[in-house]
Amino acid sequence: MSILMRAPRECASWFWDLEDYAPPGLESALKTAAQMSAVLRKHDLLEPSNLEWSWFVPALGGAPARTRLQIMRPLDDEQLVQEVDKMRPVGYPEAVGGDLLVAGSGVWLDGRAAPRREYRLVELTVSPEPFGLSAEVSVFHDIWGPFDFRGSPHPEVHRNNAPRLAAALKELEALLGVPAEPGEATYFGTAVGYGVMEPDAVDGRGPDLTDQL
């Protein structure tokens, strides 16, 4: 297996309420994103290359704009804060940025432990909302669980990748000082502990989820 199928919804996600870790706001969110992405980079799960966010107008809701910025400097660089602020859509001078998605490529290991690179293997989102900083890590591929999306067991792929994700999540918890909360279950999987919940198997096979891929 060298080409991964990506689910339209996450297979698992982990959420951190960071109200006691750092103050809200764009600068704080970018610093937190830099610290968290450094952990994910250490485990070869995310090499940041782009930053994406939507704009919102207070009391009015969303503005018709979403911005994508190529990361050319460290996420915690003060100039990046200024660059993000300058990209406010014309015509919406009061717009504020929403959740910051840190996107990039990560490395997964196939059944022979050969490394392969995949864009958006792991996604990191940090919210600068004024009521409190928060962050989320999400995964969308089947390599983190014991079965692929067709229901076929792939123990080698699972064994080569799931422990790497678990190690990164544990390290993020240590960094943030806050336990990760599992995100809501989706059709494609459920977070449990530091991994993806194993589904019920029938005759050694998991559920076939390809009808919604």
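# Close-up views of a predicted model

**Figure 1. The side chains of glutamate 184 and arginine 9 join in a salt bridge, 3.6 Å from N to O.** This pair connects distant parts of the chain, with the two residues 175 apart. Glutamate 184 sits in the loop between strand 9 (181–182) and strand 10 (191–192), while arginine 9 belongs to the segment before strand 1. Glutamate 184 is exposed, with a relative accessible area of 58%, whereas arginine 9 counts as partly exposed at 37%. As you look at this and the other views, please keep in mind that the model is predicted.

**Figure 2. Glutamate 123 and arginine 6 form another salt bridge, and their closest N and O atoms are 2.7 Å apart.** Glutamate 123 is part of strand 7 (residues 122–127) and arginine 6 lies in the segment before strand 1 (12–17), so this pair ties together parts that are 117 residues apart in sequence. Glutamate 123 is buried, with a relative accessible area of 8%. Arginine 6, at 32%, is partly exposed. Both residues also belong to a network of salt bridges that links Arg6, Glu52, Arg66, Arg68, Arg120 and Glu123.

**Figure 3. Aspartate 85 meets arginine 88 in a salt bridge.** The closest N and O atoms of aspartate 85 and arginine 88 are 2.7 Å apart. Aspartate 85 counts as partly exposed, with 37% relative accessibility. Arginine 88 is partly exposed as well, with 25%. If you would like to look for others, the count for the model comes to 14 salt bridges.

**Figure 4. Helix 3 covers residues 155–176 and packs its buried residues against several other elements.** This helix has 22 residues and reaches 31 Å from its first C-alpha to its last, close to the 32 Å expected at 1.5 Å a residue. Its buried residues include Val157, Leu165, Ala166, Leu169, Leu172 and Leu176. Asn160, Asn161, Arg164 and Glu173 are also among the buried residues of helix 3. The partners that the buried residues pack against are strand 1, helix 1 (26–42), strand 5 (100–109) and strand 8 (134–139). Just after helix 3, you can find glycine 177, which takes a positive phi of about 70°.

**Figure 5. Helix 1 has 17 residues, and many names to look for on its buried side-chain list.** From its first C-alpha to its last, helix 1 reaches 24 Å, close to the 24 Å expected at 1.5 Å a residue. Its buried residues are Ser28, Ala29, Leu30, Thr32, Ala33, Ala34, Met36, Ser37, Val39 and Leu40. Just after the helix comes aspartate 44, with a positive phi of about 60°.

**Figure 6. The largest nonpolar core has 47 residues.** The residues with the most contacts inside this core are Trp14, Trp16, Leu40, Leu51, Leu75, Val137 and Trp144. Strand 1, helix 1, strand 2 (47–57), helix 2 (78–86), strand 5, strand 7, strand 8 and helix 3 each give two or more residues to this core. The largest share, seven residues, comes from helix 1. Apart from this core lies another, of five residues, among them Cys11, Phe149, Phe188 and Leu209. In soluble globular proteins, nonpolar side chains tend to be buried together.

**Figure 7. Leucine 51 and its contacts are shown here.** Setting aside neighbours within four places in sequence, leucine 51 is in contact with Leu30, Thr67, Arg68, Leu69, Ile71, Leu75, Val84, Leu100, Leu101 and Val102. Among these contacts, Leu75 is also one of the residues with the most contacts inside the largest nonpolar core. Arg68 appears again in the salt-bridge network with Arg6 and Glu123.

**Figure 8. Stepping back, the protein chain has three helices and 11 strands.** From the N terminus on, the elements run β-α-β-β-α-β-β-β-β-β-α-β-β-β. The C-alpha trace spans about 60 × 35 × 30 Å along its principal axes. With 213 residues, a compact globule would have a radius of gyration near 17 Å, and the 18 Å of this chain agrees with that. Of the 213 residues, 48% count as buried. Among contacts between residues at least 6 apart in sequence, 67% join residues at least 24 apart. The chain exposes about 10700 Å², with carbon and sulfur atoms supplying 52% of that area.

Conventions: Residues numbered from 1 in each chain as written. Predicted model: local features only at pLDDT ≥ 70, side-chain atom pairs only at ≥ 80, totals over all residues. Heavy atoms only, no water. Salt bridge = Lys/Arg side-chain N within 4 Å of Asp/Glu carboxyl O. Helix = DSSP H or I, 4+ residues; strand = E, 2+ residues; numbered from the N terminus. Buried < 20%, exposed > 50% of the residue type's maximum accessible area, 1.4 Å probe, protein only. Expected span 1.5 Å × (residues − 1). Contact = heavy atoms within 4.5 Å. Rg over C-alpha atoms; globule rule 2.2 N^0.38 Å. Areas by Shrake-Rupley, 256 points an atom, 1.4 Å probe, with all protein chains shown as cover. Core = buried A, V, L, I, M, F, W, Y, C linked by side-chain atoms within 4.5 Å.
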